Amino acid sequence: MSGLSRRQFLAAGGGAALAAAMAGCGSPVVTSFTGGQPRTADVIYWHLFGGGDGKNMTKMVKKYEQTSGRSVEATLLSWGNPYYTKLSLSASSGRPPDVAISHLSRLPLLAQAGLLDPVADQFSAQGITPDKFTPAAWEKATVDGTPYAVPLDTHPFVLFYNTALAEKAGLLDATGENLKPMNNSDDFVAALQALKDANGSKYAAVASITADPSTCWRFFMMIYSGLAGPIVSQGGTEVTIDRSAMEHTFAFMQSLTQEKGLMPSNATSTTTTTLFSQGGVGFLFDGEWQIPTYRDVKSLDFNVVPFPALLGPKPVAYADSHSLVIPRSSRRSAERTDDAVRFIKGLLDESSIWADGGHVPAWLPVQQSQEFVNLKPQSNYTQAAFNAVYDPPGWYTGAGSDFQTAMGSVIASVLTGGTDPASGVDAMTASLQTFSTARPPV
Amino acid sequence: MTATAIPTSATGVDVQVRPETARGAARGHNRAGWLFATPFLVLYVAFLIGPVLIGLVISLFNTTTVKSGVGSWVGLSNYAEVLSQKDFWASMWHSVLFTLLTTPLLVLLPLLFAILASRMARKQWFFRLAFFAPYVVPSSAVCLIFAFMYTPETGLITNAFSWVGLTAPDFFGSTSGAWFAVVLLTLWWTFGFNFILYTAAIQEMSEEIYEAAAIDGAGPWQQIRMITIPLLRPTMGLVLMLQVLASLKVFDQIYILLAGGPAYSTRPVIQYIYDTGFTAYRGGYAAAATMVYFVILVVISAVWFLARRRNNPAKV
Amino acid sequence: MDQAGKLFNRLAATCVTLFALIWLIPFLWALITSLRPNDEIAAHPTRPWSNNWNLDAYRSAWNSSPLGWWYVNSFIISTLTVVFTVVVCSMAAFALVHLDFRGKYAVFALILAGLMLPTEALVLPQFMEFRALNLLGTYWAVILPSIALPVAVFVFHSFIKAIPIPLIEAARLDGASWWRIYLQVVMPLCRPAISAVAILTFITSWNAFLWPLLVLTQTKSQTVTVGLSSLVGGAAIQYAETMASAVLGILPLLAVFLLLQRQIAQGVANTGIK
């Protein structure tokens, strides 16, 4: 029967493929049957970097493989909630990757859920000790007194400026490499006004507001954190908003887009990029990871510096950090853990490649090296990494979280003029209540 | 079907009868019956009934999905919280809305086309192929293709709108555009299943009725109206029931194509459970949401089921 | 047939054929896109023709994700699920039809109730259960919950019921054990049921998304369906590669479908009606 021979052929083909796949105990097929630790490479590594950062990460991984002779299986996963959900699912299945990336702002939940191995002796044996990192980052990597992550970088929210337009407005200092010092919000607003007047442009600065709650949140946090402490505390269960500080912040932000007309109240990320690239505005408020976007624009000469002190006495930078974590697995051998720690050290050593994407390396030996100090504009805002304020620690906060989206939406409506500052504070409080009253899972 | 050789006695009449008592036979039946049924029952109880019970238990505790153990006792407060959450009811509404949007299309259009296709003697295989092939495609592949066709400015479907003089909706940025996108995708993907059901039912209709009607001078449209559609009513009922139940459990396409967006405005219930239970680790809370949703679905299933039994007492 | 009738039929034919062709468009579009170079797609996004047909996208798609592993995993899981489901459900159906055991009607009612259980909604408790059993991350976590299928039991039930009782009685009188009757009498006569259940279980298992997403997280242990979903919304400009991955993901089941069209359609019809 033709049917039978076809079936036989299929069965034979399938069997052959299966035999090939099962060759070797570390084969994923075998471990999927037995529930063993997957051993498809010496180090299994998950990250969420696409685009330019992704290319840099691939370079770093390859370099490590070459110098150490170890194999690394790196997998790129979608940024945000899907990544963290997947990481937690795999950790709870007992077969997680050996090394994974985590934003420091997302660390509290992961650590308190018991999904990570603490950073302990094995790390110090490789030379990974607290004194070798940006203090702000190391502090953020510590949860309940124990460090759970090794910071890789700090990526702050910074001030981009168009050199030509700034010069025309008389804002550059003597060296021409930096802006004249600004000490408070009045200086800042005056600078914006000067930009607008000297260049005859409609706006002085731009930030991506429409459909970008994360940017709104970062913008807000940078200003508010100069005035007051975290908006939630006790792991996110208590709302600790400083009403007057928040109203003051909202009023200031709204004045920029509404009364003073210094910034557009509606800007998508595309319009933002276009405006700054084509010299439509002199200042851009965005994260340093956008540097590669503008680096290749031929006609644009720009520089990046930390924000000055605005409403508070000292300059403050809103930032987050990428860090490396080892998910907990009882089935991981000591050998593999050792490989994982070495891999982490390897990445730290290569973090000057990582800095190319605009980030400030958290590993001080690289950060203080001549190579990085010479790297412009990254080395301009190293101070921002030291003054970094992160998301308030809590089980629902962090990069890409619903919390940031919810907060960002309220802030966006203040920026667009849809909500006045006082109502904005009420809206923030109400929104925070839903988060803070939910029973924490950890 | 090929006939298998069955051991029969040589004479066929003089059968050797072993002396078995009635109770012995019953015991043999009992043991054999349980032996045959046990594998199924074990798996059924363990993995179908088990989760229901586990869900009930967990919903009364503050369980962390990723930690072992059930956590602290909280009684019914998870249920109180679920039932008072705007987001939960929003997601329930989204699942219902999806059902309302897709069910009429997926019950009536396949009917129409099955009837029209049945008027053709040949090429049945072509229709079956074209309409049913999408059904075997995995949801993620369908979403990959449609996401590409929905690309703003350059996508095929986006451009198709401008070819007929309309502006394409914002498929990923606006809620109505998102619903359009996911409904169209679902229509393409699952049309074939109902089409096959209708076609099979039509094929079972006897030719004689149609011949008699034709002799009586009934035109094709009259035949359809008077014969085909009334005879298809039970199948329509079946398709409606299956469609409603399947649509209420939607997850794949909305999650993969839209991530429940924009801004969770299309998030169905199962994704709500996924987000609270697996992204936020709130196991007890998500279990309570699961139980509420589960009860609602079982009630709807039971209502349909009993209604069907009442209408078709012959079938199971 | 009169003029109106013929006209109607021709209109119907045209209408349906047109729609059937439209229905094929997504397949064709994915295929065409996967064979064109990316810059050509960017320049002429809606042109269904290319001057440079090539297979580069397939090579690149194959190398950029562990599609080969995904195929193997999907194949193993689906095949094992089919085998177990056919065996276990047919055994249960056989017991319900021919064997008189205590509690039979309770079991029957229980399985009937199972038809109404929305099992997809139970992913969270299922996850906790498999976590406690330490089976997360293994094939078993995906296979085991899919085996006990009330629908399959009923499909087998109606087929087994249709087997003439004298056949069974004759075999029984000859001293055949129930197991032999099941294997040698009943199962061979149930081929349509076996093929219906096997095909539909294979398709359902292959296309399953949410549960394998939760359970099989290691990249090389994933199934095709879950693996492909990680490509959605990803490389925005690598159109050809993305479509090539989609085509590669569709191929196995589409091949099965093209080979077994008639059986699949029959299987759907039978299962639905049950």
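**Chain interfaces and cores in a predicted three-chain model**

User: How many residues of chain B are in contact with chain C, and how many the other way round?

Analyst: 110 residues of chain B touch 110 residues of chain C, where contact means heavy atoms within 4.5 Å. This is a predicted model, in which local features need pLDDT of at least 70 and side-chain atom pairs count only at pLDDT 80 or more, while totals for chains, interfaces and linings use all residues. Residues are numbered from 1 along each chain as its sequence is written, chains are lettered from A in the order in which they are written, and side-chain values use heavy atoms, with hydrogens and water left out.

User: What area is buried between chain B and chain C?

Analyst: About 9700 Å², with carbon and sulfur atoms giving 80% of that area. Buried area is the accessible area (1.4 Å probe) that two parts lose on being put together, summed over both. On the chain B side, F36(B), F40(B) and L144(B) lose the most area to chain C, together 9% of what that side buries.

User: How many salt bridges between chain B and chain C?

Analyst: One. K249(B) pairs with E120(C), and their closest N and O atoms are 3.2 Å apart. The rule asks for a side-chain nitrogen of Lys or Arg within 4 Å of a carboxyl oxygen of Asp or Glu.

User: Which helix gives the most to that side of chain B?

Analyst: Helix α1 (residues 22–58) of chain B, with 24 residues. Helices are DSSP runs (H or I, at least four residues) and strands likewise (E, at least two), numbered from the N terminus. By class, this side of chain B has 77 nonpolar, 23 polar and ten charged residues. Ala, Val, Leu, Ile, Met, Phe, Trp, Tyr, Cys and Pro count as nonpolar, Asp, Glu, Lys and Arg as charged, and the others, Gly among them, as polar.

User: Switching to chain A and chain C. How many residues does each give to the contact?

Analyst: Chain A gives 27 residues and chain C gives 24 residues. The buried area there is about 2200 Å², 61% of it from carbon and sulfur atoms. S32(A), F33(A) and L89(A) supply 26% of the area that chain A buries against chain C, more than any other three residues.

User: Which residue forms a salt bridge with K220(C)?

Analyst: E73(A), with the closest N and O atoms 2.9 Å apart. The rule finds one salt bridge across this interface. The largest share of the side of chain A that touches chain C comes from α2(A), with five residues.

User: On to the cores. Which residues touch the most other members of the largest one?

Analyst: F40(B) and V186(C), in a nonpolar core of 205 residues. Such a core is a set of buried Ala, Val, Leu, Ile, Met, Phe, Trp, Tyr and Cys residues joined through side-chain atoms within 4.5 Å. Helix α7 (residues 175–203) of chain B gives the largest share, 17 residues. Not counting residues up to four places away in sequence, V186(C) touches F94(C), I160(C), I163(C), I168(C) and I181(C).

User: Where is T64(B) found?

Analyst: In the loop between β1 (61–62) and β2 (72–73) of chain B.

User: Buried or exposed?

Analyst: T64(B) counts as buried because its relative accessibility is 9%. Buried means under 20% relative accessible area, exposed over 50%, partly exposed in between (1.4 Å probe, protein chains only). Leaving out residues up to four places away in sequence, T64(B) touches P441(A), V442(A), Y281(B), G283(B) and M128(C).
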